[in-house]
Amino acid sequence: MSKIRDIHHMPTMAALMTPFPYHIDIDAPIEDAEALMEEHSVHHLPVTKDGDLETVISRSDIERARSPGHRLEEQQLYVRDLCARRPYITDIHDPLDKILLAMAETGIGSVLVMKEGELAGIVTVTDALRFCGEYLADLVQSPDDDVA
């Protein structure tokens, strides 16, 4: 059983982020992004340009672009073709409650986490749900559960 969390202290992004996420260059073909996602079982990839963080691409972005009738359907697609939006970026020390509420209010599926100006991690809706489920389970854990 996991350790009971301190309910009097707001966790930060560091508590639930996936550290050192895989990333892809903005000029890579979409097939490379799909392969990287498949290989590492992820649905979001931070996108870089000349080593600097630009945005994020998701499996849903790729699926939408490949859907019948989409204007890019017949072309060779590159990551840059699907990355028009600005990413949601937060600091590793930002309080978790504010970020989770922002994710819920805006419908964003991922947040890029920075530490001292560098990409430190990524938080997805799946990460947030997993963390919240474990947090709630810890809160209701009986002290007798640890005794064997």
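Asp127 sits in helix H4. The model it belongs to is predicted. Is Asp127 buried or exposed? Its relative accessibility is 12%, and residues under 20% count as buried, so Asp127 is buried. Which residues does Asp127 touch, apart from its neighbours within four places in sequence? They are Leu16, Thr18 and Ile122.

Now follow helix H4 itself. Helix H4 covers residues 125–140. Helix H4 packs on a sheet, where it touches strands E1 and E7. The direction of helix H4 makes about 70° with that of E7. Further along the chain, Leu136 also lies in helix H4. Here the picture changes. Leu136 has a relative accessible area of 52%, and the cut-off for exposed is over 50%, so Leu136 is exposed. Leu136 joins Leu139 and Val140 in a nonpolar surface patch. The patch has an area of about 310 Å².

Next comes the sheet under helix H4. It is an open sheet of four strands. Their order is E1-E7-E6-E5, and the pairing is mixed. What holds strands together in a sheet? Strands pair through backbone hydrogen bonds, and they can run parallel or antiparallel. Why do E1 and E5 each have one side without a neighbour in the sheet? Strand E1 (18–19) and strand E5 (89–91) stand at the edges, so each has a single partner strand.

Look at the pairing of E1. Strand E7 spans residues 118–124. E1 and E7 run antiparallel, and two bridges join them. One residue to find is Pro19, whose bridge partner in E7 is Gly121.

Another helix meets this sheet too. Helix H3, residues 96–106, lies across E5, E6 and E7. Strand E6 takes in residues 110–115. Helix H3 runs at about 150° to E6.

Turn to the other sheet. Three strands make it, in the order E2-E3-E4. This sheet is open as well, with mixed pairing. E2 and E4 are the edge strands. Each has a single partner strand, so one side of each has no neighbour in the sheet. E3 and E4 run antiparallel and are joined by six bridges. Find His44, and opposite it in E4 stands Ser58.

Two loop residues deserve a stop. Asp50 is in the loop between strand E3 (44–49) and strand E4 (52–58). The phi of Asp50 is near 55°, a positive value in a residue other than glycine. Asp50 counts as exposed, at 70% relative accessibility. Phe20 lies in the loop between E1 and strand E2 (24–25). Phe20 is not a glycine either, yet its phi is positive, at about 45°. Phe20 is exposed, and its relative accessible area is 70%.

Finally, step back to the whole chain. How many helices and strands does the protein chain have? There are four helices and seven strands. From the N terminus on, they run β-β-α-β-β-α-β-α-β-β-α. The chain has 148 residues, and buried residues make up 36% of them. Consider the contacts with a separation of 6 or more. Residues 24 or more positions apart account for 58% of these contacts. The protein chain exposes about 9,300 Å², and carbon and sulfur atoms supply 53% of this area.

Key:
Residues numbered from 1 in each chain as written. Predicted model: local features only at pLDDT ≥ 70, side-chain atom pairs only at ≥ 80, totals over all residues. Heavy atoms only, no water. Pairing = 2+ DSSP bridges. Contact = heavy atoms within 4.5 Å. Axes fitted to C-alpha atoms, helices over the stretch in contact; angles between N-to-C directions. Patch = residues over 30% accessible without salt bridge, like charges linked within 9 Å, V, L, I, M, F, W, Y side chains within 5 Å. Areas by Shrake-Rupley, 256 points an atom, 1.4 Å probe, with all protein chains shown as cover. Salt bridge = Lys/Arg side-chain N within 4 Å of Asp/Glu carboxyl O. Buried < 20%, exposed > 50% of the residue type's maximum accessible area, 1.4 Å probe, protein only.
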